[in-house]
Amino acid sequence: MTMHKMMIRSLLRQRHQSTPHLSSSIRSISTTHTLQQAMPAPKTSSEEPKTAQKKVIKTKEKSGSASKTAAKEAKTNRLVDLMTKAYDAPITPPPKVSDEEMAIRAMIGRNYVIGSFKRHNENNHDLAVKIRMKKHAMKLLPKEGEIGDTPIEGEKNTVYGKWRKAAFKVNGNWGPPDSRPIPLLTPPIEGFDASLYMDAEDES
């Protein structure tokens, strides 16, 4: 019996020593498994909170016509600024001169006024004489149906009537063209359009 008891005790000791390792391994495995199941699943892309995105404003590039318009406006503004500065510029008083110099200047100014009046009167007299001669010549034109008037073949007018209509026709191009705001001594060139050259100069 004593040997039997000793054998039983040794078996119990061996079992007692082996059971803690098994229980700890089982406990560790079981706890790890349960923690993974207890933890919440990661959020997918659809469940993530949406953040507001900034709007991207696209700027359109200026076309050729827009750039030309902007260049013309800048040029116009520059000219306006220059004219404004010239208008607002302070007036510089002339230097003081002697009495002799002032007398000479007064004589020159008086002679200039006399000469200007003389030229003005001569031009007006010349125009008045030409207008009077023109009216007299128009009165002397033969009227339609008078003696010597003959009809024109293929037309309803007569020779005298055609002359009279041509004489009384108003010429619309009697004055200077619109492209010539400053009067000049040379007559305007027939068919010349200054705006074509001005546009080419602006483009260049």
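**Leucine 196**

I looked up leucine 196 first and found this residue in helix α5, which spans residues 194-203. The model is a predicted one. Is leucine 196 buried or exposed? Its relative accessible area is 55%, so I entered leucine 196 as exposed, the cut-off being over 50%. I then checked for a nonpolar surface patch and found Leu196 listed in one with Ile189, Phe192 and Tyr197. Together these four residues have about 490 Å² of accessible area.

**The chain as a whole**

I went through the secondary structure and noted five helices and zero strands. Along the sequence the pattern reads α-α-α-α-α. Of the 204 residues in the chain, 3% are buried. I put the accessible surface of the chain at about 20700 Å², with 61% of that area belonging to carbon and sulfur atoms. For contacts between residues at least 6 apart in sequence, I noted that 14% join residues at least 24 apart.

**Threonine 158**

Next I turned to threonine 158, which sits in the loop between α3 (99-140) and α4 (159-167). Its relative accessible area is 13%, which is under 20%, so I count threonine 158 as buried. What does the side chain of threonine 158 reach? I found the backbone nitrogen of glycine 161 at 3.3 Å from this side chain. I also recorded a polar contact of 2.8 Å between the side chains of threonine 158 and aspartate 149. Leaving aside residues up to four places away in sequence, I list Glu144, Asp149, Thr150, Pro151 and Ile152 as touching threonine 158.

**Salt bridges**

How many salt bridges does the structure hold? I noted two.

One joins arginine 105 to glutamate 101, with 3.3 Å between the closest N and O atoms. I placed both residues in helix α3, four residues apart, or about one turn of the helix. Arginine 105 has a relative accessible area of 46% and is partly exposed. Glutamate 101 is also partly exposed, at 31%.

The other is formed by the side chains of aspartate 126 and lysine 130, at 3.2 Å from N to O. I found aspartate 126 and lysine 130 in helix α3 as well, again four residues apart and about one turn of the helix. Because its relative accessibility is 37%, I entered aspartate 126 as partly exposed.

Notes. Residues numbered from 1 in each chain as written. Predicted model: local features only at pLDDT ≥ 70, side-chain atom pairs only at ≥ 80, totals over all residues. Heavy atoms only, no water. Patch = residues over 30% accessible without salt bridge, like charges linked within 9 Å, V, L, I, M, F, W, Y side chains within 5 Å. Areas by Shrake-Rupley, 256 points an atom, 1.4 Å probe, with all protein chains shown as cover. Helix = DSSP H or I, 4+ residues; strand = E, 2+ residues; numbered from the N terminus. Buried < 20%, exposed > 50% of the residue type's maximum accessible area, 1.4 Å probe, protein only. Contact = heavy atoms within 4.5 Å. Polar contact = N/O pair within 3.5 Å; in protein donor to acceptor, adjacent residues only side chain to side chain.
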